Amino acid sequence: PGLTPDRSVDSVCPFCGVGCLLTWHVKDEQIVGVTGRDGPANGGRLCVKGRFGYDYIHHPQRLTRPLVRRAGVAKDPSIPWRQDQWAEVFREASWDEALALAAGGLKSLRDQHGPKALAGFGSAKGSNEEAYLFQKLVRVGFGSNNVDHCTRLCHASSVAALLEGVGSGAVSNPVRDVELAELFIVIGSNPTANHPVAATWMKNAARRGAKIVLADPRRTELARDAWQVLNFRPDTDVALVNAMLYVVVEEDLIDHAFVAQRAHNLQAVIDGVQGFSPEAMAPICGIPAQTIREVTRAYAKSKGSMILWGMGVSQHVHGTDNVRSLIALATLTGQIGRPGTGLHPLRGQNNVQGASDAGLIPTMFPNYQRVNNAEAHAWFERFWGTPLDATPGYTVVEILHKAKAPETDPHKIRGMYVMGENPAMSDPDLNHAREGLASLQHLVVQDLFLTETAWLADVVLPASAWPEKWGTATNTDRMVQMGRPAVAPPGDARRDLWILQQLARGMGLDWRYEGPDDGVAAVFEEMRQAMHGVIAGVSWERLLQADSVTYPCMSEDDPGQPIVFTDDVPTDDGKVHLVPTSLVPGNEPPDADYPFVLITGRQLEHWHTGSMTRRSRVLDAVEPLATASLCGADLQRLGLQPGDALTVASRRGSVTLHARRDDGTPEGTVFIPFAYAEAAANLLTNPALDPFGKIPEFKYCAVRVSAG
Ligand code: SF4
């Protein structure tokens with residue numbers, strides 16, 4: 001009874017891309033509980049993060065005043081700090097002083113070294129409006145396209161392959177289409193941990209008779225509901241999927257009418273899969289040839305088959321090839337363009353789809369208009385009323401390489417603005433990334449907490465959490481959904497749209513998005529125009545009423561299109577561009593010195609770099625320790641019991657964690673979540689990039705494991 005709320009506010013979950021609608025319950029200006037709403041993606045369901053991961057916003061470590069680095073305090077990339085030592089490094093400042101220093105430092109670097117000396121990391125944890133305004137600030141205010149966000153670290157290779165193949169980087173069918181599918185493949189994904197409510201729809205579908213094919217090097221929880229579990233060897237995705245394509249060709253499971261009408265380049269794929277017979281690939285990928293044949297026949301012949309994938313597919317140096325092969329599999333068999341079919345890259349963060357749509361990427365303006373396309377470039381110059389850079393900017397990993405470039409490099413990055421990202425935890429090869437951040441002449445970080453990245457900043461701006469502001473987010477299903485403020489930001493923390501506009505003004509831009517909540521509706525309406533019609537029917541007023549509208553939505557009376565590619569795809573000629581693939585080995589295979597394969601990822605209770613969920617009481621109580629998962633046989637060989645300390649080392653660094661037994665992790669493989677600063681998995685990871693998506697190979701590098 002003591003927790004009877006004073007008010008309840010409808011909003012959307014701040015964590016994963018499933019996009020569950022929920023209600024915050026507020027008492028005495030604190031959120032005290034959360035309930036699920038009957039949203040189109042969740043039907044009232046929430047996972048443990050959505051239900052219990054709200055109290056981080058009230059954590060005593062919230063930043064409530066701007067901070068400025070004390071004169072003479074060096075930036076130490078080894079980050080050996082404790083939160084309670086912050087006053088030794090920073091002093092509190094007024095907003096006027098902090099904004100003047102933040103904008104002044106960026107402006108003077110731009111004026112002295114040119115626009116390409118600056119870069120910006122935006123965030124998929126922020127709203128569409130924040131993403132739009134952030135990329136506009138970098139393009140218009142900084143003057144270059146050096147703007148990126150965490151999509152580079154999760155699905156950049158998926159987007160590269162999808163844009164090339166089907167002309168759109170978004171999903172073709174929503175998650176809940178699994179309820180209409182006869183069979184669906186879940187590959188490189190652990191949805192019970194990473195998209196938990198989506199996993200519940202998958203399990204429901206299985207119980208109604210749908211066949212799940214779970215393909216992943218690790219045997220994860222969804223295996224209990226799967227018809228077939230294909231624990232293929234790490235790094236052999238193309239071997240497995242091309243073997244399926246071989247069967248499609250050899251057994252003539254091709255939907256010839258569909259391909260003739262809807263695709264190019266069939267012959268190149270047919271030629272490309274010669275040599276990929278299941279019998280030839282079985283020793284490589286570890287899946288028996290007969291199983292590959294059986295699964296392929298079932299996939300191709302069902303009335304509706306769907307493919308959903310996660311970062312186990314995308315985070316490889318051959319991530320784009322992995323997705324090209326999946327596109328070919330769906331297209332050759334005609335399993336696309338209908339309910340219960342299609343391609344669904346499961347998006348990670350709550351707004352990674354929307355942040356990408358809004359142009360928070362270095363190669364494209366909003367709605368994937370290429371910056372080096374003359375027509376698109378001219379349109380945005382007219383729209384924003386200013387000259388724009390026409391060359392693609394650097395991506396996340398490239399930017400931190402450029403921060404360490406020699407003084408003579410004309411493209412050396414010297415100043416950066418980071419909003420809501422934590423590259424000092426999320427980038428690969430953290431020792432290198434942290435040195436890059438520490439070497440910047442001017443770093444401005446806007447966040448909720450003094451994150452590992454903020455620790456290296458010159459100016460830290462206290463920002464607002466998701467339940468403290470208005471904003472829209474676009475989930476993995478292309479649903480644009482309304483977030484509402486339940487409580488005010490604490491102390492002197494400010495809404496991010498306000499901070500963005502103040503910084504823009506400090507850099508000479510007269511931005512005034514008027515209206516309540518720092519003009520969020522005005523920013524949305526400008527973004528709607530910049531999106532070239534794709535959300536033309538999604539007005540702010542409509543969202544206030546409906547809470548969730550799926551795009552494409554071309555007019556106010558368009559209900560939105562959950563399933564796309566029904567008649568054609570949005571490529572130049574409306575046809576799928578098939579691209580053959582070959583076997584590209586991982587960049588750093590295990591060897592005698594580093595005999596284990598490291599796979600990094602998330603776990604159910606913690607979100608990304610842990611800055612929010614490790615400050616949520618319930619979630620941190622459930623998973624308080626950094627762990628490394630190995631199978632029982634490997635633990636025994638190493639003389640380890642569950643809970644023992646162990647050290648995992650790669651050529652780039654080492655971490656000490658607690659051993660966890662997980663017999664779903666294959667022998668010779670170790671899995672580490674990347675949420676723990678005290679044992680940061682990315683100290684180990686390899687910065688090698690996929691050449692197309694520029695995504696690092698987080699899912700495969702060589703490590704050694706030892707007791708103690
Ligand atoms: Fe939030 Fe994702 Fe969990 Fe839904 S499934 S409650 S969106 S974390």
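**Loops, strands and internal spaces of the predicted model**

Arg478 is found in the loop between β19 (471-474) and β20 (479-483). The structure described here is a predicted model. Although Arg478 is not a glycine, its phi is positive, at about 70°. Its relative accessibility is 2%, so Arg478 counts as buried. Most residues other than glycine have a negative phi, and most peptide bonds are trans.

A second positive phi, near 50°, occurs at Asp28, which is also a residue other than glycine. Asp28 sits in the loop between β2 and β3. In contrast to the buried Arg478, Asp28 is exposed, because its relative accessibility is 57%. The strands on either side of this loop, β2 (residues 21-27) and β3 (residues 30-36), pair in the antiparallel sense over six bridges. One of the pairs joins His25 to its bridge partner in β3, Gly33. The hairpin formed by β2 and β3 has two residues between the strands, and the positive phi of Asp28 belongs to this hairpin.

The backbone also contains a cis peptide bond, between Tyr551 and Pro552, with omega about 0°. Pro552 is placed in the loop between β21 (548-550) and β22 (576-577).

Strands of a sheet pair through backbone hydrogen bonds, either parallel or antiparallel. An open sheet of seven strands, with mixed pairing, follows the order β5-β4-β18-β17-β16-β6-β7. At its edges are β5 (90-92) and β7 (147-148), each of which pairs on one side only. Within this order, β16 stands next to β17. Strand β16 (residues 415-419) and strand β17 (residues 442-447) run parallel and are joined by five bridges. Tyr417 has Val444 of β17 as its bridge partner.

Helix α18 (residues 396-403) is largely enclosed by the rest of the structure, because seven of its eight residues are buried. The buried residues are Val396, Val397, Glu398, Ile399, Leu400, Lys402 and Ala403.

Rolling a probe the size of a water molecule over the atoms shows where empty space is left. The largest pocket holds about 950 Å³ of space. Its lining is made up of 36 residues, and Gly167, Ser168, Asn367, Gln369 and Pro570 lie nearest its centre. Two or more lining residues come from each of α6 (156-166), β15 (369-370) and α17 (374-384). Of the elements, α17 gives the most to this lining, with three residues. By class, the lining of the largest pocket comprises 17 nonpolar, 11 polar and eight charged residues.

Cavities of 30 Å³ or more number nine in the structure. The largest cavity has about 560 Å³ of space. It is lined by 38 residues, and those closest to its centre are Met311, Gln315, Thr600, Gly601 and Lys699. At least two lining residues are supplied by each of α5 (151-154), α14 (311-314) and β23 (596-601). The largest share, three residues, comes from β23. Divided by class, the lining of the largest cavity has 11 nonpolar, 19 polar and eight charged residues.

The volume of the second largest cavity is about 230 Å³. Of the 19 residues in its lining, Lys125, Gly420, Leu448, Ser464 and Lys469 lie nearest its centre. Eight nonpolar, six polar and five charged residues form the lining of the second largest cavity.

The ligand is surrounded by Cys13, Phe15, Cys16, Gly19, Cys20, Leu46, Cys47, Lys49, Gly50, Pro196 and Val197. The elements α1 (48-52) and α8 (196-207) each give two or more residues to this shell. By class, the shell contains eight nonpolar, two polar and one charged residues.

The count of disulfides, taken as pairs of cysteine sulfur atoms within 2.5 Å, comes to zero. Cys631 is in no disulfide, and the nearest cysteine sulfur, that of Cys701, is 18 Å away. The sulfur of Cys701 likewise has its closest cysteine sulfur in Cys631, and because the separation is 18 Å, it is too far for a bond. Cys631 is buried, with a relative accessible area of 6%. Cys701 also counts as buried, at 1% relative accessibility.

Key. Residues are numbered from 1 along each chain as its sequence is written. This is a predicted model: local features need pLDDT of at least 70, side-chain atom pairs count only at pLDDT 80 or more; totals for chains, interfaces and linings use all residues. Side-chain values use heavy atoms; hydrogens and water are left out. On a 1 Å grid over the protein atoms alone, a cavity is a set of points where a 1.4 Å probe fits but cannot get out, and a pocket is an open set with protein on both sides within 12 Å along at least five of seven lines; lining residues have an atom within 4 Å of a point. Grid points are joined across faces, edges and corners, and a volume is the space filled by probe spheres set on the points. Helices (H or I, at least four residues) and strands (E, at least two) are DSSP runs, numbered from the N terminus. Ala, Val, Leu, Ile, Met, Phe, Trp, Tyr, Cys and Pro count as nonpolar, Asp, Glu, Lys and Arg as charged, and the others, Gly among them, as polar. Buried means under 20% relative accessible area, exposed over 50%, partly exposed in between (1.4 Å probe, protein chains only). A residue is near a molecule or strand if one of its heavy atoms lies within 4 Å of it. Two strands pair if DSSP finds at least two bridges between them.
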